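Here's a quick briefing on a ligand site and on one residue elsewhere in the chain. Have the structure open while you read.

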Amino acid sequence: MSDDQATKLRRLMHKVRQTRTIAVASGKGGVGKSNIALNLSILLSAAGNRVALVDADLGLANLDVLLDVDVRANLSHVIAGSRKLEDVVVDLPCGVQFVPGASGIAQLANLSEFQRAALLDQLASLETDNDLIVVDCGAGIGRDVLQMVAGSDNALIVANPEPPAITDAYALIKVLKRHGYTGTISLLVNMAGDRQEARATFQRIAGVARQFLDVRVIDAGHVLADQKVRDAVRRRQPFVLEYPRCQASRCLAALANKLCQGSWLVGQKEGFFQRVANWFG
Ligand SMILES: Nc1ncnc2c1ncn2[C@@H]1O[C@H](COP(=O)(O)OP(=O)(O)OP(=O)(O)O)[C@@H](O)[C@H]1O
Ligand SMILES: [Mg+2]
């Protein structure tokens, strides 16, 4: 094949491939979203996907703390014009591209149309350069979170077996439905005591979502409660790298496998950042 043909083929492949975005969200805080988003990104990257991990939470327990990386600038600096996108994106040793502070995207509303278009162009390149974008959302069902989920085609909701987490996961599904969300909704039960408890938790949430909202919730499996996760957090290391054989790592590997087999993830119809920005239109 000539160089010219190879270039044409690459362009064609590029067009055919769709970037898939997964927003990791929950109703209740502290259920493990950031840990799941980070460790899942690493497993998906290890499986050969190009993955960007977007920190869309302004909360205290930020991804840079879990990762032990020193983040000096984030997307809000890019939007303010004081940094370039490439100065803000961190290439992690595990192969994942880490994008800090995407919640700053709300400031897009203050830009002129020209500045806004130029910035969205840059952000779009981040999407075309990756196969998967994993977005770590803040807790709750506020406007910020909804924007991030609405920009994604796949919502991965994290809950644990405790009643407040179950109620809040249901509340999130309800708001998504009310806002006409058309992407896939899946549920991962984190911190489960055992398989049976995880199963019961999934069935409770999926059951009421089907019965009262007519929403199909996909089973994303579970991650067992595992002391090794807490140990890894304390050491500021991702648990799948620090303890690859621990129970939590094995549970999450099952989800990563499912996702790699292309089971339910749907692709982007329009760029993620573009869609999030549209909210501020
Ligand atoms: N499978 C697990 N087993 C044991 N502990 C866990 C597990 N998953 C998470 N944790 C614990 O829960 C804590 C909170 O996790 P994490 O910060 O990922 O939650 P979050 O949902 O992102 O929180 P926030 O809503 O504040 O963003 C972790 O520091 C860890 O100690
Ligand atoms: Mg978090």
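Let's start with a polar contact: one oxygen atom of ligand 1 sits 3.3 Å from an N or O atom in the side chain of R230. Keep in mind that this is a predicted model. On its own, ligand 1 has 640 Å² of accessible area, and the protein covers 84% of that.

**What surrounds ligand 1**
- Four elements each give two or more residues to the shell: α2 (33–46), β7 (184–192), β8 (218–224) and α10 (227–234).
- There are 18 residues around the ligand, and G30, K33, S34, N35 and D226 come nearest.
- By type, the shell splits into eight nonpolar residues, six polar ones and four charged ones.

**Other polar contacts to ligand 1**
- The side chain of K33 has an N or O atom 2.7 Å from an oxygen atom of the ligand.
- With G30 it's the backbone that takes part: a polar backbone atom lies 2.9 Å from a ligand oxygen.

**A look at N49**
- You'll find N49 in the loop between α2 and β2 (51–56).
- Is N49 buried or exposed? N49 counts as buried, because its relative accessibility is 18% and the cut-off for buried is under 20%.
- Leaving out residues up to four places away in sequence, N49 touches L44, D131, L132 and C260.
- With L44 there's a polar contact too: the N49 side chain reaches the backbone oxygen of L44 at 2.9 Å.
- N49 and K258 are 209 residues apart along the chain, with their C-alpha atoms separated by 14 Å.

Definitions and conventions: Residues are numbered from 1 along each chain as its sequence is written. Chains are lettered from A and ligands numbered from 1 in the order in which they are written. This is a predicted model: local features need pLDDT of at least 70, side-chain atom pairs count only at pLDDT 80 or more; totals for chains, interfaces and linings use all residues. Side-chain values use heavy atoms; hydrogens and water are left out. A residue is near a molecule or strand if one of its heavy atoms lies within 4 Å of it. A polar contact is a pair of N or O atoms within 3.5 Å; within protein, one must be able to donate a hydrogen and the other to accept it, and residues adjacent in sequence count only if both atoms are side-chain atoms. Accessible areas come from the Shrake-Rupley method with a 1.4 Å probe; for residues, only the protein chains shown count as cover. Ala, Val, Leu, Ile, Met, Phe, Trp, Tyr, Cys and Pro count as nonpolar, Asp, Glu, Lys and Arg as charged, and the others, Gly among them, as polar. Buried means under 20% relative accessible area, exposed over 50%, partly exposed in between (1.4 Å probe, protein chains only). Contact means heavy atoms within 4.5 Å.
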